[in-house]
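Visitor: I'd like to learn how to read salt bridges in a model. Could you walk me through one?

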Amino acid sequence: GVEYSVNSSKKTVTQEWQYGAERGENLHSEILSDVDVTKDGTRVLTSGIININNADFYSRIVEVSYPGKEVLFEATLSFKNELSKGFEFFGNIDIVYRSERFHFYE
């Protein structure tokens, strides 16, 4: 997840914050990822398909504090294979990036 500030009058873009690069391949997805800002100001990063060295297929959901980057929640979702249930399409894997954080009780 990366946040930028854009100054349209000066035509400049500045990176203000990032999380994930320091975790390397275990959080990187080549497709289907998302970052949301919660009402509490935390950041929820959801990877799409992670596949290191053609091994297990999984996805991660990580919530981190902002700006401190403290991991507040992390879940790993494992899939049977790249095609989720073995069908000739992505099956349920392509919906993982749509993960949302919400409160059950408010």
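Guide: Let's begin with the fold and then go through the charged pairs. Keep in mind that this is a predicted model.

Visitor: Fine. How many helices and strands does the chain have?

Guide: Zero helices and seven strands. Read from the N terminus, the order is simply β-β-β-β-β-β-β.

Visitor: And how much of the chain is buried?

Guide: Of the 106 residues, 31% are buried. The chain exposes about 7,300 Å², with carbon and sulfur atoms supplying 51% of that area. As for contacts with a separation of 6 or more, 32% of them involve residues 24 or more positions apart.

Visitor: Now the charges. What is the general idea?

Guide: Side chains of opposite charge can pair when their charged atoms come close. Here, searching the whole structure turns up three salt bridges.

Visitor: Which residue does Arg43 pair with?

Guide: Its partner is Glu3, and the closest N and O atoms of the two are 2.5 Å apart. Arg43 sits in strand 4 (residues 43–46) and Glu3 in strand 1 (residues 2–7), so this salt bridge ties together parts that are 40 residues apart in sequence.

Visitor: Are those two residues buried or exposed?

Guide: One of each kind, roughly speaking: Arg43 is buried, at 7% relative accessible area, while Glu3 is partly exposed, at 22%. The cut-off helps here, because buried means under 20%.

Visitor: What does Glu74 do?

Guide: Glu74 forms a salt bridge with Arg23, where the closest N and O atoms are 2.7 Å apart. That pair also links distant parts of the chain: Glu74 belongs to strand 7 (residues 71–79), whereas Arg23 is in the loop between strand 2 (12–18) and strand 3 (34–37), 51 residues apart. Glu74 itself is partly exposed, with 33% relative accessibility.

Visitor: Where does Arg60 come in?

Guide: Arg60 meets Glu74 in a salt bridge too, at 3.7 Å from N to O. A salt bridge needs the nitrogen within 4 Å of the carboxyl oxygen, so this pair counts. Arg60 is in strand 6 (residues 57–64) and Glu74 in strand 7, so the two tie together parts 14 residues apart in sequence.

Visitor: What do the shared partners add up to?

Guide: A network: Arg23, Arg60 and Glu74 are joined into one by salt bridges that share partners. Within that network, Arg60 is buried, at 13% relative accessibility, and Glu74 is partly exposed.

Note on methods: Residues numbered from 1 in each chain as written. Predicted model: local features only at pLDDT ≥ 70, side-chain atom pairs only at ≥ 80, totals over all residues. Heavy atoms only, no water. Helix = DSSP H or I, 4+ residues; strand = E, 2+ residues; numbered from the N terminus. Buried < 20%, exposed > 50% of the residue type's maximum accessible area, 1.4 Å probe, protein only. Contact = heavy atoms within 4.5 Å. Areas by Shrake-Rupley, 256 points an atom, 1.4 Å probe, with all protein chains shown as cover. Salt bridge = Lys/Arg side-chain N within 4 Å of Asp/Glu carboxyl O.
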